[in-house]
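Reader: I'd like to learn how to read a few features off a protein model. Could you walk me through them?

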Amino acid sequence: MFHSGCTADGSLNNSKFNDPMPWIGIYVAAASSICGIAMALDALHGFRYKKFWFPCKFFSMNATTLTVIAISVKFSVDLNAAMPRRQDQLAKVSSSAFICMVMGNLLPSLGTMEDTELLMNIIALGILVVTAIVNICIQMVTGVIFEFWIEHGLIMVLMVVLLSILCCLSLAIPTKKCFLDTTYEKKLRKANLVCFTRRNVSAADRLRQDLGKYWMMAYTSSPQFVIGRSAPCSASGAFCLVNLFILAESIVRTRLMPWSFRFCSGDSDYRWSTTLVLVCQTAAVVVGTISPAFRWFMTINFRCPTLASQASEQEFVVERYWIKQMLFWQVQPLDLRICSRRGRRLIHGAKFHFFRILIGMQTGLVFCCKAIRYVSIFFVGRFLRLRRFLKGDNGVHSEDAENMNMELSRYVIYLEGEEVLVDLMMANNCDATDHWIKIGEKQQPKNLINLLERSSCLSSFNGVHDFDSNKVPSLGCGEPPNCWALPIVTLTSIAVAIPNIDKQLKDQLISSVDEGLKYVKEIENYMEKAKELKHVLKAAEAAWSEVELSNKWSDIDLSKLAHQKHATGTEIVKSLAEISKGKCMEFLNKDMVHVDEFLKDSPSRWPLGVLAANSMYRICETLMLTNQKETSERLFEKISHMICDVLLAALSNLQYVISRKCHESKIEEREKSIRSAVLLFGKTKKILEVIDKKRPQDSDHGKLIHIDDWHLVSKSMDPLYSMSSSTDEETAASSPSDFYISVE
């Protein structure tokens with residue numbers, strides 16, 4: 001198994017050195033395949049969601065991706081492995097072409113990174129590309145690469161150009177993001193102002209209109225889309241096509257013109273794995289060229305209808321945002337204290353001239369990319385115009401569609417030089433929100449909607465204050481804060497334990513509550529008190545897991561309680577109250593020291609089981625105050641209505657949550673956040689309509705956030721409660737508007 005380092009005559013024993021090489025070839029092929037699959041998934045994602053700038057979702061620039069790429073280009077940087085055969089020399093070409101194709105695919109992902117991350121990744125990729133170019137040149141000199149010199153030369157030129165484009169975009173991205181963010185905030189304030197003046201419109205209709213505006217702003221200001229429609233990115237698509245043609249030409253020429261090559265006999269160090277690498281990398285190059293090529297083609301398609309008369313005037317202007325960052329660096333003084341005044345002056349002058357050269361190179365590169373785009377439009381645009389003529393697209397639209405387009409076009413965010421694209425970007429995306437809403441509507445919580453629609457609570461949300469009474473004495477020195485989920489879970493647990501109720505009704509209730517709690521949890525996460533309520537929310541989640549999965553509450557089998565002989569609903573409620581009280585008192589009566597004293601003084605930090613038991617005790621005691629001789633059916637119906645009222649009150653915050661999703665996200669995540677808001681609206685559109693019907697006309701309940709605020713305001717609106725309250729309580733609750741939070 002193990003071999004000596006030396007032979008019998010004392011020389012180095014290298015007989016086994018090349019044995020692992022085929023396995024290394026398999027490793028390279030596997031890495032290339034992973035890259036190809038990731039790029040294929042990005043292409044499929046773009047086609048599926050009609051994002052023809054093909055954002056980087058699976059294949060983006062990060063440490064993992066760069067490591068896999070470095071493994072994939074092993075053949076390009078291998079300086080001394082013998083590569084005598086046709087497939088060996090072609091594998092060298094495919095490895096070089098693979099590098100170009102990778103850079104073309106990574107361009108949009110530059111927009112998803114912070115400044116520091118962007119700098120580090122560009123430096124890492126630059127080191128890899130420069131190393132590959134230097135090693136290819138060394139191999140051409142030493143004879144490792146002895147065929148396809150012209151192809152290698154052209155591909156290396158493409159590598160330099162594509163790396164320059166990556167650097168060019170990286171220098172402009174911070175300035176672009178700053179402008180896009182500022183413009184988004186301005187248009188958002190305008191959209192919110194329009195929203196504020198439409199209070200007579202239903203919540204669902206108002207949200208639908210607003211989401212269309214928010215989506216248009218997020219979509220057109222998405223950094224990946226901004227990069228995808230830029231001149232350097234479209235030019236990179238043309239270069240990737242050239243790269244593919246060079247590789248295809250090399251492969252075809254070896255088949256059709258074998259006499260023009262002088263390959264050697266013998267075998268490669270990688271042996272049979274070379275063919276596998278060639279196949280995998282060629283396939284990856286073909287698949288990986290799809291996204292850059294479509295970005296190039298779609299940019300032409302975008303610009304073609306409008307640039308026919310304006311291209312000669314505006315197309316070759318290099319906008320200021322391409323060089324703004326470098327202009328700032330050029331004049332920014334260096335904080336140097338290590339040399340004389342004359343030395344600092346020389347360094348500052350050298351820096352000034354260095355950046356002047358960089359600015360000139362940046363301007364020239366952008367100009368050349370614009371020229372490539374213009375030439376592409378000139379030739380390909382003729383075909384596109386002919387296609388539109390044959391399809392009979394005369395641009396005639398209905399008056400309603402024109403009005404909608406005019407409304408949305410005011411919310412398109414564009415850069416300097418993109419004015420001609422406003423109508424096209426709007427027209428290509430004006431129905432996107434309808435598409436996502438329809439997807440959301442297919443995932444509507446049907447059981448929850450049926451429960452809410454069956455509710456007879458047509459005038460107010462009585463159950464919000466009926467589930468907990470101030471007449472129930474506190475068990476400890478304080479009460480933990482409430483959340484929306486815990487009372488819902490507790491009431492459902494009681495309902496499941498009530499005897500003589502059809503099992504199907506209980507199962508329907510559990511299914512409805514389970515669907516509702518998913519949205520309640522999302523609402524709780526957006527509340528200002530979310531951190532304070534985190535422990536209480538965990539208690540609700542733990543309790544619900546038991547109820548839903550095994551019909552248990554705190555290890556008590558609710559089904560057994562419901563099947564006790566001759567037990568009434570009132571007795572079951574009383575039994576649950578006693579059990580929960582015992583669990584609470586067991587905790588509160590302990591001889592507490594140190595951390596336990598802290599827990600005793602901080603009810604929100606009580607153990608999960610104690611929080612659930614305290615909620616069960618208070619709700620059961622409240623039910624017994626008004627429920628002495630009710631039948632099980634009547635009690636189940638009453639609790640169901642309470643659950644429905646609390647759910648309605650909680651879900652009336654959906655409008656606030658959907659709005660927050662559109663307002664609180666970084667520019668890199670804004671499109672994803674607003675898409676999730678649109679999907680949430682589609683799923684809950686019917687719920688919002690139900691809430692609008694059940695809410696009193698003069699009620700502002702939809703603006704309230706926390707359940708304690710709802711509880712207090714609902715009680716203050718109840719005449720019976722107001723008559724029985726003390727003067728101080730009346731004064732404290734006399735201004736329910738203190739608890740209102742307006743939704744913009």
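Author: Sure, and keep in mind that this is a predicted model. Let's begin with a charge over a ring: the charged end of Lys 57 sits over the ring of Phe 58, 5.8 Å from the ring centre.

Reader: Which residue lies over the face of Tyr 411?

Author: That's Lys 190, at 5.7 Å from the ring centre.

Reader: Now ring against ring. How many aromatic pairs does a search of the whole structure find?

Author: The search turns up 15. Take Trp 53 and Phe 225, a tilted pair with 4.5 Å centre to centre and 40 degrees between the planes. Trp 53 is in the loop between H1 and helix H2, while Phe 225 belongs to helix H8, so the pair ties together parts 172 residues apart in sequence.

Reader: Are Trp 53 and Phe 225 buried or exposed?

Author: Both are buried.

Reader: And why is the pair of Phe 54 and Phe 294 edge-to-face?

Author: Look at the angle between the planes: over 60 degrees counts as edge-to-face. For Phe 54 and Phe 294 the planes are at 65 degrees, with ring centres 5.7 Å apart, so the pair gets that label. This one also links distant parts of the chain, 240 residues apart: Phe 54 is in the loop between H1 and H2, and Phe 294 is in helix H11. Phe 54 is buried, with a relative accessible area of 1%, whereas Phe 294 counts as partly exposed at 30%. Ring pairs also join Phe 47, Phe 52, Phe 54 and Phe 294 into a cluster.

Reader: How do I check a helix, say H1?

Author: Start with the general idea: an α-helix has 3.6 residues a turn, so residues three or four places apart point the same way. For H1, compare lengths: at 1.5 Å a residue, its 28 residues should span 40 Å, and the end C-alpha atoms are 40 Å apart, which agrees. After H1 comes Lys 50, with a positive phi near 55 degrees.

Reader: What about a single residue, such as Ser 673 in helix H29?

Author: Check its burial, then its contacts. Ser 673 counts as buried at 13% relative accessibility. Leaving aside neighbours within four places in sequence, Ser 673 is in contact with Lys 661 and Ser 665.

Reader: And what's the secondary structure of the protein chain?

Author: There are 32 helices and two strands. Of the 744 residues, 52% are buried. Among contacts between residues at least 6 apart in sequence, 83% join residues at least 24 apart. The chain exposes about 35,700 Å², with carbon and sulfur atoms supplying 59% of that area.

Terms used:
Residues numbered from 1 in each chain as written. Predicted model: local features only at pLDDT ≥ 70, side-chain atom pairs only at ≥ 80, totals over all residues. Heavy atoms only, no water. Buried < 20%, exposed > 50% of the residue type's maximum accessible area, 1.4 Å probe, protein only. Contact = heavy atoms within 4.5 Å. Helix = DSSP H or I, 4+ residues; strand = E, 2+ residues; numbered from the N terminus. Expected span 1.5 Å × (residues − 1). Areas by Shrake-Rupley, 256 points an atom, 1.4 Å probe, with all protein chains shown as cover. Phe/Tyr/Trp six-rings, centres within 6.5 Å; stacked < 30°, edge-to-face > 60°. Lys NZ or Arg CZ within 6 Å of the ring centre and 35° of its normal.
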